[in-house]
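Trainee: I am new to this structure and would like a close look at a single part of it. Could you take me through one place where two helices pack, and then through what lies around it?

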Amino acid sequence: MFETLQDRLSGVFEGLTRQGALNEQDVTKALREVRVALLEADVALPVVKEFIGKVKERAVGKEVLRSVTPGQQVVKIVHDNLVEMLGGIPGAEPEPAPLMIDAGPPSVLMMVGLQGSGKTTTTAKLAKRLKEKHRKKVLMASLDVYRPAAQEQLKVLGEQVEVATLPIIDGQQPLAIARRAVEAGRLQGFDVVMLDTAGRITLDEAMMNEASSIAGEMQPHEVLLVADALTGQDAVNTADAFNKRLTLSGIVLTRVDGDGRGGAALSMRAVTGCPIKLLGVGEKMDALEDFHAERVAGRILGMGDVVSLVEKAAETIDTKQAEKLAKKMKKGDFDLEDMAEQFGQMRKMGGMQGILGMLPGVGKIKNQMAEANLDETVLKRQEAIIGSMTRKERRSPKVINASRKRRIAKGSGTEVQEVNRLLKMHKQMADMMKKVGKMGKGGKMRGMPDMAALEKMAGGGGLPPGLGGPGAPGGLPGLGGQSGLPGLGGPPQKGGLPGLPGPTGKK
């Protein structure tokens, strides 16, 4: 979502950091560019004025202009002010704004927003998250008696995520449904009751009066506004209107994975004073993330978000499979079934583009990445090739001769060359696994990431060679190390990503 803004700011700051010393005119000129970039990203004008004023006040100080690295100091000041604008504390451990889910039982969460913002889907996503991550017993109730099949939609989603929904009674009005839901939650021992209210295409008095009366009687512990990040300034105006009538406790931004300009996220906190608590990052029921101001600011400025990447890996990696792979690694075994498992885990984490997008310095080499042709379908094709093999072939690739390769290629809809490439890639990875198995306790394998490499990466040195090599059980296969990304890249690029291979898997 912040791609356009990130591109503009990266260009501004590159010019600053290249200069050995800065004067006031340099800073003023750079901040003028930052101002234009923020306005083009749909950030509200009052927010931009306040932001630029704060940055300029700090950036034109003697301690910055006489600093050893004044350009980097200005970048840090902009970063810290971005964090503050988004509701965080610069330098502090990023903590998401907590949900009031322990105030009951039952804790009442009221979901409000315009029609089409993803309110019903977000209700089901949040219910699933509360059930699985917080171990809460959740009841969902749809108060939308106007939109056709709205109540049935929540019921179907509840079945998908295995969360209880309030039985539908035809003709019952929203306030009566809310009363029945809270009473059912109290009598049946639910920890959380979620009220999915009705929305409209645009703000109107009838919708506001209905939401206000429900909030007044039910006294919800959370009133969460679900806002579509792609609607830009309209989302900010909506948030402001709801906040004046209902006193919002938090905001959930949906469609953050879209190509919006990001201004809504930057403006909403400043305009309403309400914390952004959650981000909807996809269509799947588990595509809901905590909002961390520090991490979002880092993404905007191209500093990456390694912490979120690690958290995503921890959530998606199957612990049992990782332990199983670790045992096989100790023996030096790594077959094609293990390789397919690794591909599957990579796709769960968002594929190559999703992973690389969270790494520092990647924004600066975006064009080189595009030229490298990191096609996400390659992983699926390679999984299809492995799926066309017999169990014996997957476990003992050495038995795969020319006739078997032709059969596998035909069965997977690929060419024999692609089968050869996959087998070569597997051999490289298997050789690396054997090295891991032979390592002593204090040993270290070439291509494994270390703190120095990560520090260099954080400083804008791009992707270090060997990032995320196969040393960690359940890790990402072949991501770096001596073998680079075998078979995934296009033709070798000058000055491109370290370790990125050509079609044959070579550097």
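Mentor: What follows is a walk from one helix pair into the core beside it. Please keep in mind that this is a predicted model. Two packed helices are described by the angle between their axes and by the distance between those axes. For helix 9 (residues 205-218) and helix 10 (residues 233-246), that angle is about 45 degrees and the axes are 10 Å apart. Because an angle from 35 to 65 degrees falls outside the roughly parallel and roughly perpendicular ranges, helix 9 counts as oblique to helix 10, and helix 9 passes helix 10 in a right-handed crossing. On the side of helix 9, the residues that meet the partner are Glu205, Met207, Met208, Asn209, Ala211, Ser212 and Ala215, while helix 10 brings Ala241, Phe242, Arg245 and Leu246. By character, the residues of this contact divide into seven nonpolar, two polar and two charged.

Phe242 leads us further, since it also belongs to the largest nonpolar core, which has 64 residues. Phe242 is listed there with Phe51, Val112, Leu195, Leu253, Leu266 and Met268 as the members that touch the most other members. Val112, looking beyond residues up to four places away in sequence, touches Phe242 and Leu246, and also Lys119, Thr197, Val223, Leu224, Leu225, Val226 and Leu248. Apart from this core lies another, of 22 residues, among them Leu99, Leu109, Leu130 and Val161.

Terms used
Residues are numbered from 1 along each chain as its sequence is written. This is a predicted model: local features need pLDDT of at least 70, side-chain atom pairs count only at pLDDT 80 or more; totals for chains, interfaces and linings use all residues. Side-chain values use heavy atoms; hydrogens and water are left out. Axes are lines fitted to C-alpha atoms, for helices over the stretch in contact, and angles run from 0 to 180 degrees between N-to-C directions. Helices (H or I, at least four residues) and strands (E, at least two) are DSSP runs, numbered from the N terminus. Angles under 35 degrees count as roughly parallel, over 145 as roughly antiparallel, 65 to 115 as roughly perpendicular and the rest as oblique. A crossing is left-handed if the near helix is turned anticlockwise from the far one by less than a right angle, and right-handed if clockwise. Contact means heavy atoms within 4.5 Å. Ala, Val, Leu, Ile, Met, Phe, Trp, Tyr, Cys and Pro count as nonpolar, Asp, Glu, Lys and Arg as charged, and the others, Gly among them, as polar. A nonpolar core is a set of buried Ala, Val, Leu, Ile, Met, Phe, Trp, Tyr and Cys residues joined through side-chain atoms within 4.5 Å. Buried means under 20% relative accessible area, exposed over 50%, partly exposed in between (1.4 Å probe, protein chains only).
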